[in-house]
Amino acid sequence: MTNIQSVGNYNLKNEPVIVDNVPKYAQRISFKNDNNDRFVRGNQPVRTRPAILNPQDQMIRAMEAQQKQANKEKRNKNLITGLSVAATALMAIYFGKALYKDHLSSKVQKATEEAMNAGKKGGKSIIQMINECPDEKIKRAMAEEASKEFGVSVKKINALDTLAHLDNTPPKKIDIERAKRILDEEVIGMDEAKEKIINHLKFRNHCIENNIPIDTPFVLALDGPAGTAKTTLANAVAKACDMPHKEISMAGMTGKAPIKGSEPVYSGSSWGEIADAQIEHKTRRIVYTFDEIEKAGTSEHNGKAEDALLSLMDNRHFIADDFLGVDIDVLDSIIITTSNNYEKLTEPMKSRLSKVVRIKPYTDKIKRDIAKFKANKFMKKYKMEGKVNMTENGYDALVRRHADKKGGREISNEVNDLMERIVIDDRFSSATPEKPFNITADVINELLLKLQ
């Protein structure tokens, strides 16, 4: 309890009293003056006022506040100074590197200009100068200059240069007997398709002999079940004609870009497969195989793949490549299409495919011929002739294993697996021409069972 009577000559009776340094809330404060008590009970707020400091304390506090402010300003100043130093150092490093880079660039640029001027005096094209330049830095600089000059990429310039210098020598006649032999050696059966191909080659020879231009590419459509050697025949045609072969799968192709190229508006754009084959092989005479054409996508968002293929087979005999911006001539080419279900083709596509060869499912005889052909070819390649003998009941066993298959791919693959197994078999190692290793049905079932 605080008991205050008076302060100096000032009488506190009936006056509110201000008490210094008391809590904001007090439990009980009692004042006495002339037997008159006044109480403040409970958590009652009490007015307070700051304590009155003497001049010395005030000076000390002022000095402390001033020192604190000075320290703060010093820290800020040091921080600003440090940042300025760091920024200056970074700028020095940056400009130092830039100056060094500019120095190197000027040297490369000077050497580039000298090389290009020397090449121009020698009558060389920009492409020749780039290809013949031994210094990689100068070569890149020359390529950049070429890009600026032509407004296109060096990749595109090289491609266009290759297309501009394709082999333009007159086509040569095909040895018909040799072509027949190759087709028979490479493909079992398919007599109708072989006949159409031979007839075209005879017609082509006639045009070459009489200097008659061919006004349309040869188009052959092969339709039949999977595994009936359609692609194998296309490879044989290319071999018989001494022409490179380009196989293009259309299964799942959703746009025209793979065939015609994509617009050069985004990273990764490139020319199409038709131009790619001519650029790679440096000739227009190519056998193109478009595989499974009925499985191409039908979306029109980026242009249908079928439309690009149709333009190859009409009287224009060329296709415009969207990336290169030029027409790719396919007049001297052979175009072969394959399908597993001709009826699924669209009417425009059917109208282009006048030479359609329908390949029927293979008979047991054809499968047997395929097995013999593959076995003999394998034994000849791996020097097994005379030491191995495939019996007739062995061939019968292979055919029975594939009685439900429509094509010959499965039996062909199994013969290869079987012969590989025989190579490492002890019975083959000890075989001789006088006592060959006979491959019977039981041996086949035994060896193929181990491979499963």
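The lining of the second largest pocket in this predicted model comprises 12 nonpolar, 4 polar and 4 charged residues. Its volume is about 360 Å³. The lining is made up of 20 residues. Pro171, Ile212, Pro213, Ile214 and Asp332 lie nearest the centre of this pocket. Helix 6 (residues 191–209) supplies the largest share of the lining, with 4 residues.

The largest pocket encloses about 420 Å³ of space. A set of 23 residues lines this pocket, and Gly227, Thr228, Ala229, Thr232 and Arg409 are the closest to its centre. Four elements each give two or more residues to the lining: helix 7 (230–241), strand 10 (334–339), helix 12 (364–381) and helix 14 (409–423). Arg409, one of the residues closest to the centre, falls within the range of helix 14 (409–423). Thr232, also among the closest, falls within helix 7 (230–241). By class, the lining of the largest pocket holds 7 nonpolar, 10 polar and 6 charged residues. In the second largest pocket, the corresponding counts are 12 nonpolar, 4 polar and 4 charged.

Contacts that involve aromatic rings were also examined. The count of aromatic pairs comes to 3. Two lysines place their charged ends over rings. The charged end of Lys372 sits over the ring of Tyr395, at 5.5 Å from the ring centre. The charged end of Lys387 sits over the ring of Phe428, at 4.8 Å from the ring centre. Both distances meet the cut-off of within 6 Å of the ring centre. Lys372 falls within helix 12 (364–381), one of the elements that contribute to the lining of the largest pocket.

Terms used. Residues are numbered from 1 along each chain as its sequence is written. This is a predicted model: local features need pLDDT of at least 70, side-chain atom pairs count only at pLDDT 80 or more; totals for chains, interfaces and linings use all residues. Side-chain values use heavy atoms; hydrogens and water are left out. Rings of Phe, Tyr and Trp (its six-membered ring) pair if their centres lie within 6.5 Å; planes under 30 degrees apart count as stacked, over 60 as edge-to-face and the rest as tilted. A charge sits over a ring if NZ of Lys or CZ of Arg is within 6 Å of the ring centre and within 35 degrees of the ring normal. On a 1 Å grid over the protein atoms alone, a cavity is a set of points where a 1.4 Å probe fits but cannot get out, and a pocket is an open set with protein on both sides within 12 Å along at least five of seven lines; lining residues have an atom within 4 Å of a point. Grid points are joined across faces, edges and corners, and a volume is the space filled by probe spheres set on the points. Ala, Val, Leu, Ile, Met, Phe, Trp, Tyr, Cys and Pro count as nonpolar, Asp, Glu, Lys and Arg as charged, and the others, Gly among them, as polar.
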